[in-house]
Amino acid sequence: MPGEELQVMQDLAREKVCISCGRPIANVKGSTSFKCPKCGSYEIVRCESCRRGAVKYVCPNCGFSGPN
Ligand SMILES: [Zn+2]
Ligand SMILES: [Zn+2]
């Protein structure tokens with residue numbers, strides 16, 4: 001059913017997941033989310049372990065890659 005599919009997508013959008021490893025950050029201390037420094041429209045979400053490990057991320061909106 002198309003309606004059910006839409007509901008699932010909305011549920012996924014509501015839960016923030018790390019952009020690098022895909023883990024939900026809801027209960028992860030030290031995780032962060034911030035607007036992309038370049039385009040300012042995409043919300044970058046990073047979990048604590050990816051921040052500590054300086055795991056690379058790429059903004060799907062503009063292609064900006066960090067953390068540097
Ligand atoms: Zn992560
Ligand atoms: Zn961006």
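Of the 68 residues in the protein chain, 19% are buried. The structure is a predicted model. The chain contains 2 helices and 4 strands, and these elements follow one another along the sequence in the pattern α-β-β-α-β-β. Among contacts between residues at least 6 apart in sequence, 33% join residues that are at least 24 apart.

The largest nonpolar core consists of 10 residues. Cysteine contributes Cys18, Cys36, Cys47, Cys50 and Cys59 to this core, and the remaining members are Ile19, Ile25, Ile44, Val45 and Tyr57.

One core member, Cys50, is located in helix H2, which spans residues 48–52. Cys50 counts as buried because 22 C-beta neighbours fall inside 10 Å, and the threshold for a buried residue is 20 or more. When residues up to four places away in sequence are not counted, Cys50 touches Cys18, Ser20, Cys21 and Val55. Of these partners, Cys18 also belongs to the largest nonpolar core. The pair Cys50 and Ser20 is separated by 30 residues in sequence, and the C-alpha to C-alpha distance is 7.0 Å.

Val45, another member of the core, has contacts with Lys16, Val17, Cys18, Ile19, Ile25 and Ser33 once neighbours within four places in sequence are left aside. Cys18, Ile19 and Ile25, which are among these partners, are core residues as well.

Val17 lies in the loop between helix H1 (2–14) and E1. Val17 is classed as partly exposed because 15 other C-beta atoms lie within 10 Å, a count between the limits of 12 or fewer for exposed and 20 or more for buried. Outside the four nearest places in sequence, the contacts of Val17 are Gly22, Arg23, Pro24, Ile25 and Val45. For Val17 and Val45, a sequence separation of 28 residues is accompanied by a C-alpha to C-alpha distance of 6.4 Å. Ile25 is in contact with Val17 and also with Val45.

Lys35 is part of strand E1, residues 32–35. With 12 C-beta neighbours inside 10 Å, Lys35 is classed as exposed, since that class takes in residues with 12 or fewer. Excluding residues up to four places away in sequence, Lys35 touches Gly40 and Glu43. Lys35 and the core residue Cys59 are 24 residues apart in sequence, with 9.7 Å between their C-alpha atoms.

Note on methods:
Residues are numbered from 1 along each chain as its sequence is written. Chains are lettered from A and ligands numbered from 1 in the order in which they are written. This is a predicted model: local features need pLDDT of at least 70, side-chain atom pairs count only at pLDDT 80 or more; totals for chains, interfaces and linings use all residues. A nonpolar core is a set of buried Ala, Val, Leu, Ile, Met, Phe, Trp, Tyr and Cys residues joined through C-beta atoms within 7 Å. Two residues are in contact if their C-beta atoms, placed from the backbone, lie within 7 Å.
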